[in-house]
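Could you walk me through this model in the viewer, one selection at a time? I would like to know what to pick next and what I will find there.

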Amino acid sequence: MEVDVSAFDPSSYKPRETKIFPFFNPVVEEYLNFFGDKALLARDNAIKQVNAIAEDRFPQKYQPIICTTSRGMGKTAFMEAIGKQYVKPELKCELIGEALAYGRVLSFDFAGVSVSEAIPSQEEIQAFFTRLMIYFLCSLFHGTLVDGIHFQRISVFSQVRNAHGKPGRFGRWLDNCLQLSADDMMDEYIRLTNIAFGVKSNAPPVFLLDEVQGLCLSTAIQSKFDNNQVVNHTYLSYLLTQLAGKHKPVCICTGTNSGNIMDVTEKSKIIPQLVYLSALHERDDYELFWKQRTTYMNATKNEKAESTAKDETVIDSLVYASYQVPRLLVLAHAVWFRHKTDSNTRDSISILQSFEDAAIKYYTEMADLLHKSVYSKDEICHILMCCGVHWSVDDTNSCVPGTEILWSSLIQQSIVFPYLDHCYVIPFHLLWSARSPVSFKGTYTKSKSEIVGKCRELVPGLEITDLFLSYDALRMLDLYKLGIQYEKLFASSLAVKYYLSRLYSTTDAFLPFLQVYNIAREDRDSRTKLFNYVVNFSEGIHLPAQECFVNSPDVPLAVIHNQKSHNAHHDILLPAKTSSETNQLFLLPVSCKASFDLSPKETIRIQLKTSKQDGAPPVRLLLWMYLGNNRNEGKYAGDVVFLDGSGCCNGLALDMFILLKKLNSQNNKSRNDNSEAAEIH
């Protein structure tokens, strides 16, 4: 009988030590439990954004949190870590922490339980959250007594809607709750957990919804009427409006697609807030990630592995081969770990090939890009060019320039991945690898040749591979060749960004330089100096046989790269005009230095001349490209703008140069220290 059942014991509820997310992959929760507050890396800004929304829950409209991006970016781990408050002490959210303490963090995975099971029809959308809260209360209080109710677990979520008619007080409670709205059920959830835990807390439940791309189905329920057109809710947008009542609970939704939710809900009860996750592009982050994976594998596997100084090169190669995408990093680490614990030691090439095989097997859509006719060669070229440069995608429901392909579709297929600044990368070397299926070998090779040729047709002189650098190839170069590669990256990136930007301009072929090269608004000095400059690279990239100078006549309208001239005065020249002198074409010189430090002041002074000859007239303006970020350029007066390449080059390529230069500096310092030590002895 119910009177013989023990009351719920709050001490039995240990959310940070046990699994509390029944629908999620238990491996993720185990990993989070293992590292606790140190589990989540490189997500501070996203956590702060979630906290800000949680702490300001009562604006005019409800603000659900949407985090949709490619598979393998750590969305589920991010959401679960927030739900369990496995975050740095300074990033903890009081409201979510209070909800966690009293059993009010609820989760659901729309991939683990199909949408048709979870929400069989649009008429049942309104009942979803009520049923989810019933399911969690029955699980939380299973076998115990709360408010005189003997709770019993409901084993399968889809059975909740048919759980009425059970005997006793529990049955009557179920019958009553199944009729409640989401808001009223939250009242009941808060009431029962307050009784069970012996507290008086008003913290509403927190909802964590994963794989919401399955909810992008359209309904017949009107969301807005716009330009004489009715826009209907999707399952997801209408589901989230059920939370737009008095409680306005924290709700985090993750997946690969949100069904254009911003446009759908423009005039509804909610204003979704978008949270972005990027790759682990900071060296400190991915190095710590690697160490954590090693610690976790050592603790959970029979084998043990430790990285040594000899592993540094192959680890760096694996990290850059993974494009710092969290899932690819996990695969790369697993390959390395097997290598370290396998008695049959393999060389670095075979390790990288094993990783490529594992990555291609996991991301089949990306691997199929070149040998399946999903996209035309022209479309693939435009995708590659956008991902090969700094091309910011502010709206994922917009199209890739020059195509009718939505960015959201590429993201959902995990063909592209976010890197930073709303830019996307494509794992070029994985899909470009010659290790293609034997049955597609001929098609694969032909596809690559056609793509290379098409890119040259779209941007004359472009070698598409110059945009997608290989870490292993770069680290084998001497300093001079490394500098040439930096020049090629900048020249190619600038030409491609011009081409892509030109697709949106149907009139003048001269585009503002600040449209082709993004400069942060905070850098007012550089923006002011370049504000009136317009450039024209309609003839692509030009490699003159003889050195070209600022005052050379009859030059093409192209990015002119003096690659063939050793020790050229200016590395690159850009055809330009100013808004006040529209009829006067001139060349804007660029000096590219793949280094952190600025050259001596005298060197820069010489570069500010049209040539090295004594008495040469000054240039209008000099662009000085270098990797430095110390902002120590203020002491250099004159018509010079200092840039670091990030305004047109893809961030991953620049990070490779930065890492290699740091490693070179460390190696040089080590050699000097050893030399000094030898002299002393």
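Start by selecting helix 3, residues 75–83. Lys 75, Thr 76, Phe 78, Met 79, Glu 80, Ala 81, Ile 82 and Gly 83 are buried in this helix, where buried means under 20% relative accessible area with a 1.4 Å probe, counting protein chains only. That makes 8 of its 9 residues, and the helix is mostly covered. Helices here are DSSP runs of H or I with at least four residues, strands are E runs of at least two, and both are numbered from the N terminus. Step past the end of helix 3 to Gln 85, whose phi is positive, near 55 degrees.

A word on what you are looking at: this is a predicted model, in which local features need pLDDT of at least 70 and side-chain atom pairs count only at pLDDT 80 or more, while totals for chains, interfaces and linings use all residues. Residues are numbered from 1 along each chain as its sequence is written, and side-chain values use heavy atoms, with hydrogens and water left out.

Next, select strand 1, residues 65–68. Strand 1 runs parallel to strand 9, and 2 bridges join them; two strands count as paired if DSSP finds at least two bridges between them. Look for Ile 66, which stands opposite Leu 274 of strand 9. Now widen the view to the open sheet of 5 strands, in the order 2-5-8-1-9 with parallel pairing. Its edges are strand 2 (105–109) and strand 9 (273–274), each pairing on one side only.

Move on to strand 16, residues 572–578. Is this strand enclosed or open? All 7 of the 7 residues are buried, so strand 16 is largely enclosed by the rest of the structure. In a regular strand the side chains alternate between the two faces of the sheet. Here Ile 572, Leu 574, Ala 576 and Thr 578 point one way, and Leu 573, Pro 575 and Lys 577 point the other way.

Keep strand 16 selected and add its partners:

- Strand 13 (residues 533–535) runs antiparallel to strand 16, with 3 bridges; Tyr 533 stands opposite Thr 578.
- Strand 15 (residues 559–561) pairs with strand 16 in the antiparallel sense over 2 bridges; Ile 560 has Leu 573 as its bridge partner.
- Strand 17 (residues 581–593) is antiparallel to strand 16, with 6 bridges; Ile 572 stands opposite Val 590.

Between strands 16 and 17, a hairpin makes the connection through 2 residues.

From strand 17, carry on to strand 18, residues 622–626. Strands 17 and 18 pair in the parallel sense over 4 bridges, and Cys 592 has Met 625 as its bridge partner. Both faces of strand 18 are covered, with Leu 622, Trp 624 and Tyr 626 buried on one side and Leu 623 and Met 625 on the other. Then select strand 19 (residues 640–643), which runs parallel to strand 18 through 4 bridges; Leu 622 is partnered there by Val 640.

Finally, zoom out to the whole protein chain. You will find 25 helices and 19 strands, and of the 681 residues 53% count as buried. The C-alpha atoms fill a box of roughly 100 × 75 × 55 Å along the principal axes.

Note on methods: Buried means under 20% relative accessible area, exposed over 50%, partly exposed in between (1.4 Å probe, protein chains only).
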